[in-house]
Amino acid sequence: MNKRKKGPFFLTILWSLLLPVIGNLYLQWCQNNLDFLTAFRFAFSWHTSKFMLGCLILWMFLVLIWSILGKLRYSSLLFSVIIGLVGLTTYQKMQLRNEPLYPDDLKMLFQWQMLRDIVGTPFFIMAILIILLTLVVASWSIYCSFKFSKKSQIIRIGGFILSASFLVYCSDFNNQSNVIRKAYNRTATWVPYSQEMNYYNVGFIGGFLYNLNVEAMSEPAGYSKETIQQIVAKYNALATEKNRYATDEQPNIIYVMSESFSDPSRLIGVNVDGQPLYSYQQVANKSFSGQMLSQNYGGGTANIEFEALTSFSMALLNSQMTTPYTMLVPKRSNMPSIVSFLKDQDYQTTAIHPYDTSMYKRTDVYKVFGFDKFLDQDDIENPTKIENNPYISDEAVYKQIVKQLKTSDQAQFIHFVTMQTHMPYGNKYNHETYTISGTGNHLAAADYVQDIAYSSQALASFIKELATVERPSVVVFWGDHLPSFYSQGVKDKNSDVSMHLTEYLLYSTAENWSEKGTFTISPYYFSPILLEKAKLKTSGFYELMNQMAEFLPASEKERSYYQGKWQREVRLSKKEQKIYNDYRLIQYDLLQGEQYSLHSFFQVVP
């Protein structure tokens with residue numbers, strides 16, 4: 001190599017090594033709420049070895065792009081755009097949900113309608129234009145690379161094979177024999193119950209790798225076919241006894257998961273002028289009602305839906321199993337749920353989500369659960385919207401549900417996931433009846449309060465219409481999580497539990513289910529409570545759930561309601577621990593194990 005070429009070659013190699021360092025530092029900056037000092041200390045003081053491991057992985061990613069495009073300048077552009085978008089998305093998710101970006105979240109990049117609604121049309125169009133321009137430049141670079149010399153092509157192929165092989169090997173990060181994992185393990189402290197702490201402790205790249213190729217659950221002690229058969233026999237016997245006194249009636253059953261539905265006036269420091277939930281409270285006073293412990297804050301709708309339909313707890317899943325709807329359920333040919341349970345009793349089962357069907361792979365998930373049909377935004381007969389709200393109103397869907405109930409002789413199970421109250425908030429309504437203060441985000445909060453008022457009124461009208469349906473009906477209504485706009489000041493004034501409590505009720509047109517006091521529960525108890533309240537026939541699995549609900553009515557990771565108070569860690573009695581262990585074994589059997597209980601534990605027992 002002559003002296004004239006040594007300079008540019010040296011600068012090329014130097015830039016290729018420097019760019020991943022800049023990219024990794026940028027990712028840490030985004031993850032740490034744009035705190036450059038914290039990111040810098042992580043990289044060059046606190047966790048330097050883990051930071052450099054992340055740089056190595058990003059360098060291999062750059063080499064992969066470089067080997068495909070051929071030119072470093074164009075590869076640097078594509079690399080920078082990808083890392084830039086990942087960092088921006090990480091920052092936004094941390095702001096909205098206090099959660100880092102997971103590998104499975106990247107699937108949401110193709111949910112263009114949702115992304116446009118959240119970030120706004122101008123920013124969305126700008127991002128699309130940048131991506132398209134980058135792809136044009138990348139395509140031009142690939143085209144030009146065909147003119148390279150034979151020696152250069154051999155180097156490119158070698159670089160591609162090396163970098164691709166390395167990255168594929170890294171994707172097997174959770175294999176304990178993985179060399180990259182071992183390198184992290186020398187200094188890393190993994191926190192199984194907190195993804196946020198994992199990302200902070202090991203960096204964005206390490207946290208991201210930790211969430212690749214994961215199992216749903218770790219095998220509990222004592223798992224075997226014989227153990228599962230013993231559990232099945234025990235609770236099936238209890239269910240058989242209970243079913244002797246159950247009714248043969250089949251009421252219509254309607255599940256309504258209301259987006260971000262909660263009572264802001266419950267939060268310390270938040271003041272609401274008026275009663276936006278007045279109509280809801282009127283229904284709740286005639287219902288079994290209270291607060292629901294949500295796994296998430298500001299998002300995670302699909303996880304709450306998973307718990308409500310399957311009665312399986314997210315708390316028992318491995319922390320890396322962040323979204324069962326996309327990571328687990330579609331891989332199964334069937335999965336027991338309240339849907340399949342009622343379908344076996346000749347219910348017609350319908351899912352309704354007045355939005356894009358691809359969200360969280362709901363089309364695939366609903367097939368696995370056993371829904372007969374899935375209605376999306378294109379199937380709503382009169383898709384009315386309120387003022388500037390971009391989403392179909394609750395009222396429009398309720399009217400269609402009532403019509404379906406009145407025109408069918410078959411018992412109906414309908415599961416409705418609302419959209420009216422979904423973010424973004426701020427310009428949905430021109431006229432707002434209520435005022436709210438103390439949230440730290442007045443514009444969004446004012447919109448939100450009007451949203452839940454409309455939702456509350458629509459629910460009350462729907463309940464009134466159900467009285468005109470000949471067959472009795474039962475409604476299970478709940479909010480999935482709090483909205484994400486509350487300031488850090490609000491979070492500091494309130495307990496962690498308070499930021500995870502939403503409203504719920506179980507209402508029957510046939511009788512008054514109200515009880516004195518309020519009851520706090522987890523969403524995986526909705527189905528067993530419903531069957532108990534309506535005196536419907538049950539299964540061994542739901543009887544197991546009822547047994548557990550007696551001592552642990554609400555529980556998620558680090559949040560459990562036990563013996564009348566919230567506790568971070570719970571010490572169960574020997575009898576209670578046995579019931580809880582039975583539940584854990586059954587959940588493992590169905591989600592990760594051999595499914596020994598599938599055909600004997602989730603149907604009505606004679």
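Helices here are DSSP runs of H or I with at least four residues, strands are runs of E with at least two, and both are numbered from the N terminus. With that in hand, select Thr-187, in the loop between α8 (179-185) and α9 (195-210).

Before going on, two notes on what is on screen. This is a predicted model, in which local features need pLDDT of at least 70 and side-chain atom pairs count only at pLDDT 80 or more, while totals for chains, interfaces and linings use all residues. Residues are numbered from 1 along each chain as its sequence is written, and side-chain values use heavy atoms, with hydrogens and water left out.

**Stop 1: Thr-187 and Ser-49**

Thr-187 is partly exposed, at a relative accessible area of 43%; buried means under 20%, exposed over 50%, and partly exposed in between, using a 1.4 Å probe and protein chains only. Now show what touches Thr-187: apart from residues up to four places away in sequence, these are Ser-49 and Lys-50. Contact means heavy atoms within 4.5 Å. Add Val-202 to the view as well; Thr-187 is 15 residues from Val-202 in sequence and 8.6 Å away in space, C-alpha to C-alpha.

Move across to Ser-49, in helix α3 (residues 48-69). Ser-49 is partly exposed too, with 42% relative accessibility. For a longer look across the model, draw a line from Ser-49 to Ala-315: their C-alpha atoms are 32 Å apart, with the two positions 266 residues apart in sequence.

**Stop 2: the nonpolar patch**

Select Leu-85, Leu-88, Phe-123, Ile-125, Met-126, Leu-129, Ile-130, Ile-131, Leu-132 and Leu-135, which form a nonpolar patch on the surface with about 820 Å² of accessible area together. Two elements, α4 (72-97) and α6 (121-145), each give two or more residues to this patch. Which of them gives the largest share? That is α6, with eight residues.

Leu-88 belongs to α4 and is partly exposed at 30%. Follow α4 from end to end: its 26 residues reach 36 Å from first C-alpha to last, close to the 38 Å expected at 1.5 Å a residue. The expected span is 1.5 Å times one less than the number of residues. Just after α4 comes Asn-98, with a positive phi near 55°.

The unreviewed UniProt entry lists residues 51-69, 76-94, 123-146 and 153-169 as "transmembrane region". Colour 123-146 and you will see 96% helix and 0% strand, with end C-alpha atoms 35 Å apart. The span 153-169 is 100% helix and 0% strand, and its end C-alpha atoms lie 24 Å apart.

**Stop 3: the annotated domain**

Next, select residues 251-511, where UniProt (unreviewed entry) places "domain: Sulfatase N-terminal". This stretch is 31% helix and 18% strand, and its end C-alpha atoms are 12 Å apart. Zoom in on Ser-473, in strand β8 (residues 473-479). Is Ser-473 buried or exposed? Ser-473 is buried, at 1% relative accessible area. Beyond neighbours within four places in sequence, its contacts include Asn-252, Ile-254, Tyr-507 and Thr-509.

**Stop 4: helix α21**

Finish at α21 (residues 574-591), whose 18 residues should span 26 Å at 1.5 Å a residue, in agreement with the 26 Å between its end C-alpha atoms. Among its buried residues are Ile-579, Tyr-583, Ile-586 and Leu-590. To see what they face, show α10 (225-243), α12 (301-310), α20 (540-549) and β12 (559-562), the elements that the buried residues of α21 pack against.

Terms used
Patch = residues over 30% accessible without salt bridge, like charges linked within 9 Å, V, L, I, M, F, W, Y side chains within 5 Å. Areas by Shrake-Rupley, 256 points an atom, 1.4 Å probe, with all protein chains shown as cover. Salt bridge = Lys/Arg side-chain N within 4 Å of Asp/Glu carboxyl O. UniProt positions renumbered as here; feature names shortened; annotations may be inferred.
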